[in-house]
Each structure stands twice: as structure tokens, then as C-alpha cells.
Amino acid sequence: MKNTTLAILAVMTLLTTAHAQSIDKAKLDTLFDRLLAKNKGMGAITIAKDGKVLYTRSFGYSQITDNTKKPLTEETRYRISSITKTYTAVIIFQLVEEGKLNLTDHLDKFFPQIPNAARITIEQILSHRSGIPDLPADGFRAQQRTHEEIIAAIAQGKPLFEPDSQHIYSNTGYVLLGYIVEKLCGKPYQEVLKQRITAKIGLKNTYLGVGNTTPDNNESLSYRYLGGWKEAAEMNLSIPAGAGAIMSTPTDMTIFIQALFDGKLVSKASLEKMTTMRDGEGMGMEPFLFAGKTLYGHTGGSNRSGSWLAYEPTEKLAMAYTTNAKIYPVKDIVAGVFDIYWNKPYQIPTFDALVVSPEILDQYVGVYGVPGAPAKMTVTRTDATLYINNGGTALPLEATAPDKFTILPGVTVEFDPAKKTMTIHRPQGDRTLTKTN
């Protein structure tokens, strides 16, 4: 009986090892090599199983100047943006387990000046069901701000809906949760993060970012591609705070989520609450479906940076991807990674732009506007590329069809020469402009 048991364990070990060794690392390398070669992205990835790193790769540069290109490495820190919310949710649940906070506590206990604070609970904020609106996307976000300035700005916002009546993603809700953490712990968020998470599980490259990212601290700058890599402005990290200001590496991120699911940070009961979905949202967690499997984690993104953290519990599989040049859709990259990992059919894209004839492109050239509005957008052509300019930098349009083009991640442009219109499709809604000349 003993020999039979040992034989079974040996076979299981061989199967596990064989699975780990079956990862097509060469195909993954080709995917990231091609992304960089075609100027479709830069960044890093780590795939780990039960805490063991199976694959890690960095591609591209953390800083690009006229004279130098500083390569990205395993130690380069990235803005992980909204994945910060998972860390903040973990700390909130730790405080709940310690009896220092209740999910049913109302926001007015901490910030009575916020509209509807007496009816908004901690649980509703965690679940994005508070109705607290986000800060306006204007110059306010570009500068260093104090807690007092940010709270005052949030308090000026008009509630989007009655608490718990709807689900709308709220960054400002998690900003307030970060401030609540500071109030209850009596110390800055970065110190709480270190004490309760990073030092506890040995994260060496994870901390709350301050101000703007700097290469001197081995932090990646963000870039966009405009015929060459150009540095892209990002939000000052004092604004998102506990909602999106953590800096980290993919390897640290996989260690974090493995520790979370291993019960090293919160109880099993708390993790179940975090991963219980309502309207497709948990508490600091989101569900993903890749290759027919359900994973849990979070995504993050700001101007040109992006991140993705996902965990498959049955296989104890963790994947973290970060980018400082969000050009090709991150979701498509991550989907490709999982298809390759699980040996699903996947053809690496060529990333070659569709070529549209100059005769067709010339139909779209002109000045576009909205009747009664002073703002104008000018479309020009240089060789086989269209450019759009609203008075600032001319941005190239990449064709996906003869009349459809990509301008920014998640933003597309569609022309109708018969109607002389240009429609810009954005996440916040479409905008149609008419050619004026």
C-alpha cells in the first residue's frame, strides 16, 4: 500500500512538472518581441503557479531620451493604477476582522461633508454602489493635492444615484477608503501598506507612489508612439491615493495575490465576500473569463499605463502584466497569454496596419466641428497616414477598415464621406462632427 501511494505521488509530481515545462515560452517571447518591434507596447509580465515563477519577461524601455534608452527590467516599478483598490480592500477587511470597522458603518462617521454620507456604507463603497461621482478630468488631477483639497472637491460632486440602487465604478470612493485607513490606523497609507501587506509577505518593490514617477527611483515613465516614442503625461499620484497610486512589479503582484488566496492576509470568510460578485463586481475584485476558465483579480489603467492581475484558484495560477505604453489592447494581450499558457489555438497578430489608398484618405481630409461650438478638429494626410489635431499635438490614425481608424486605446474614429461626418467613439459616448470645409 505504501509503495502504491508513493508511486501515485511520483506520477502526480511528474505530471505537474510536465505541465509547468509545457509552457510555450518561445511563443510568449515572440508575442512580446513583436509587440515591441511593431511599437504596440512595452512592459513586463510574470506567470506563477503556487508561488513559483514559471515565466517572466520585460520588454521595452523605462526611459527614452534623445541619447539613451533605459531598458525595463524585473526590478522596474510600474503604476498599477486601479489594482491598488484590491490592496485597499484587503486592509479594510483586516480592520473589519480586528473590530475596528464594520462594513455597515456609514461614511458620515468619517466624512460627514460628503453628500449622502449618512446613507452610504463602507460595503457600498467597496462594491461601487455608493453613487459618489469621480473627480472631473481637468487640470485638478495634474497637480500635487492635499487630502483636504481632494475631500473638498469630492464633497462638491452631485451624487450619481441613491446609495445601493445602482452600480457605477467610483475611483473617489476608494480614495475615501484610503483616507479612512489612515484615520483608523493613525498613520499614512504608505506606512499601513508596509506594515499590513508588503513587509508581512516580503514584497520588495511595492509602495504607494508620491507625486510623479521618476526613473531615479527605478520607476517607468509612460509613453505613446507618434512616429517615435514620446513621453506621455500621467495623473499626479496624490490624486488617486488608495484608489490607484501603488507602484509595483509583476512578480510582487503575483506574490500578493497568491498570499491573499492562501489566507495570509485576510480570512477565508473575508475573501469570499471580496470574490462574491454583484452586477459583475466584488469588493476590490473583478471576475475574468479566459480560455473557458474563471479568474479573479483587478485591472488598472491611466493615460498610457496599464496593468492586469488575475488568479485562477483551482490551479493556483497567478498572472500579472504591466505596461508603460498602452497601445495594443491589454485585454487582448492577456487573452493571448492565457491561450498560449493553456495550449489553446492562438495566432500571434502581425500588428501590421491596414493600408488605405491616398485617394480614399483624401476624402476625409478637412476641418470638422459641431454647429455652435468653437472647437474644431483638423484632419490632414502625410503619405499613407491620416493625422487629427484639435489645436495641440497631431495624432496619427491607424486604419482598421477603409473608413475606421484607431486614435487612442479605446477611442476610434469613423468617417462617412457621403454625410461629410466624422464620429469619434469613446467609452464615455460618441461624438459626431461635420466637415466645415
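## Exercises around helix 7

The buried residues of helix 7 are covered by elements including helix 3 (84–97), helix 6, strand 6 (207–208), strand 9 (246–248) and helix 8 (250–261). Here helices (H or I, at least four residues) and strands (E, at least two) are DSSP runs, numbered from the N terminus. Contact means heavy atoms within 4.5 Å, and buried means under 20% relative accessible area, exposed over 50%, partly exposed in between (1.4 Å probe, protein chains only).

This is a predicted model, in which local features need pLDDT of at least 70 and side-chain atom pairs count only at pLDDT 80 or more, while totals for chains, interfaces and linings use all residues. Residues are numbered from 1 along each chain as its sequence is written, and side-chain values use heavy atoms, with hydrogens and water left out.

**Exercise 1. Check the span of helix 7 (residues 189–201), then find where it bends.**

- Step 1: the expected span of a helix is 1.5 Å times one less than its number of residues.
- Step 2: helix 7 has 13 residues, so 18 Å is expected; the end C-alpha atoms lie 17 Å apart, which agrees.
- Step 3: look at Q195, where helix 7 bends by about 40°. The bend at a residue is the angle between axes fitted to the seven residues ending there and the seven starting there.
- Step 4: just after helix 7 comes G202, with a positive phi near 80°.

**Exercise 2. Trace Y87 into the largest nonpolar core.**

- Step 1: a nonpolar core is a set of buried Ala, Val, Leu, Ile, Met, Phe, Trp, Tyr and Cys residues joined through side-chain atoms within 4.5 Å.
- Step 2: the largest one has 64 residues, and Y87, L107, L126, I197 and F256 touch the most other members. Helix 6 (residues 171–185) gives the most to this core, with eight residues.
- Step 3: leaving aside neighbours within four places in sequence, the contacts of Y87 include Y189, L193 and I197.
- Step 4: Y189, L193 and I197 are also among the buried residues of helix 7.

**Exercise 3. Is N218 buried or partly exposed, and what does N218 touch?**

- Step 1: place N218 in the loop between strand 6 and strand 7 (223–225).
- Step 2: N218 has a relative accessible area of 22%, so N218 is partly exposed.
- Step 3: not counting residues up to four places away in sequence, N218 touches K70, E75, T76 and R77.
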